[in-house]
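Student: Please give me a close look at one part of this model. Start at the surface, then go inside.

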Amino acid sequence: MRSVAVDLDAASTMELVNAASAIAAELAKRAAPDSAPACMELAETLAAATDMQEAVLAGFVGVVDTGREVQRWGFPSTQSWLRNRLGMREARAKERLTLARQRHRLPELTSRWESGTVSFGYAATIASAVARLNDEDCKAAEEILLGMVDQSFSAGKVATFGRRIREVIAERDGTEQLPDVDSRRAYDRSWIDSTRSLDGGRYIKGWLNAEDAAIWDGTLGPLAKPAGTDDHRDLSERIAAALTSVLSGGHKATKVTVICELDTLTGGQAPARLADGTPIPAEQARRIALSALVSPLLLGKGNVPLYLGRTERFATPAQRRVLESLNPTCAVQGCQVPGTLCEVDHVHGWALGSPTDIDQLTLACGWHNRWKATNPHRVQITKTADGRYTYRLQPPGGTTRPSRPRADEPLTPWTVEPKTIPPPHRIALTAHPPQPHHPRAP
């Protein structure tokens, strides 16, 4: 017979997390009861408990984010850590990070969330609504939106009203917000809509097919890189600046790399692919070739690109095209920065004598390229049969967390000595008064 024994008053946070993990692992193994009413009640109770655990997790993430711990482990941002270590999708990671960063500005919401009277869905909705507001407007918005929650408005209605609050504030401050629109219509042909704003600006929305998207990436990608460490523009702002540069004639060389067999260009049906791995039909590859300069890529045994020499310190444009065909993303395992936005990296370091030969180069994003240069002892390098390098980042010295622990695997405080506490007492499962019911967010 297995049991969970813990003294709730004396237990450390680590021990409470271990107990919650053990209970969750046991619950996951059990089949749901046959009674639908019982399952409905259990689902609501468990969901309320999960919401309170989300509040605790937001606190943990906030401390990690503030302390910049993720950089020590080789992650460029907290959001990247959430994606790779906690297995979250991009939208989920962004939502969790917003909650972690906004909870200290939302004291009433945080208190009600931790006590179980406000759900995770409402908390995430309100945190997102106030993320771009100043502290004074944030306080007023929190009061208004919590009032809507008390009136049992759905999370969708609260989100809509949150957007309206931002619009009113923008009107008050003399600014305008770009309206939320569906930016993709799943058309076969590319399209762009453009409308003027009241202050003489212009809204742009549209969708590009794979061929046109490749031209977009090949043209704007290199121009949209940060100008330096003092460049604090976000990616959207840099892309707008790059587009303006192209439209004003400041950039003339647009390159699109298409990888295909010779038979495809002479009438075969074998599909081609773009440098990021996107497949394109054979006829589309032939259409691109009609108006393009064709650069053959000579491959040696095992489809490994041959040497292009060591006469230059920096990789040539031809070498970069080869690398982009091999590396759709940054060489660091788990990093999703597109290869077209990465820097050419000498695998074993130019200063250490690494030649600028194609089989000694790879692509790494700017952040990981600098991180690797300052932490070479923490990078495990492997090479695949087709010549692609993969970097696996090792944990900081003196710590061992090789992988995400299983739910039933006890956590160990690898930097903190375990706390000595009195002998634990077994928890007696007793009936508790029902928690206040709050509407579930969809």
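**From a surface patch to an enclosed helix**

Tutor: Leu27 sits in helix α1, which spans residues 13–29. Helices are DSSP runs of H or I, at least four residues, and strands are E runs of at least two, numbered from the N terminus. The model is predicted, so local features need pLDDT of at least 70 and side-chain atom pairs pLDDT 80 or more, while totals for chains, interfaces and linings use all residues. Residues are numbered from 1 along each chain as its sequence is written, and side-chain values use heavy atoms, without hydrogens or water.

Leu27 has a relative accessible area of 47%, so it is partly exposed (buried is under 20%, exposed over 50%, 1.4 Å probe, protein chains only). Leu27 joins Val4, Ile23 and Leu46 in a nonpolar surface patch of about 330 Å². In such a patch, each residue has over 30% relative accessible area and no salt bridge, and nonpolar side chains are joined within 5 Å.

Now go inside, to helix α7, residues 120–130. Ten of its eleven residues are buried, so α7 is largely enclosed by the rest of the structure. Among the buried ones are Phe120, Gly121, Tyr122, Ile126 and Val130. What do the buried residues of α7 pack against? Their partners are α2 (36–67), α5 (90–102), α6 (107–115), α8 (135–150) and α9 (155–173).

Set that against the whole chain. The protein chain has 15 helices and nine strands. Of its 442 residues, 32% count as buried.

Definitions and conventions:
Contact = heavy atoms within 4.5 Å. Patch = residues over 30% accessible without salt bridge, like charges linked within 9 Å, V, L, I, M, F, W, Y side chains within 5 Å. Areas by Shrake-Rupley, 256 points an atom, 1.4 Å probe, with all protein chains shown as cover. Salt bridge = Lys/Arg side-chain N within 4 Å of Asp/Glu carboxyl O.
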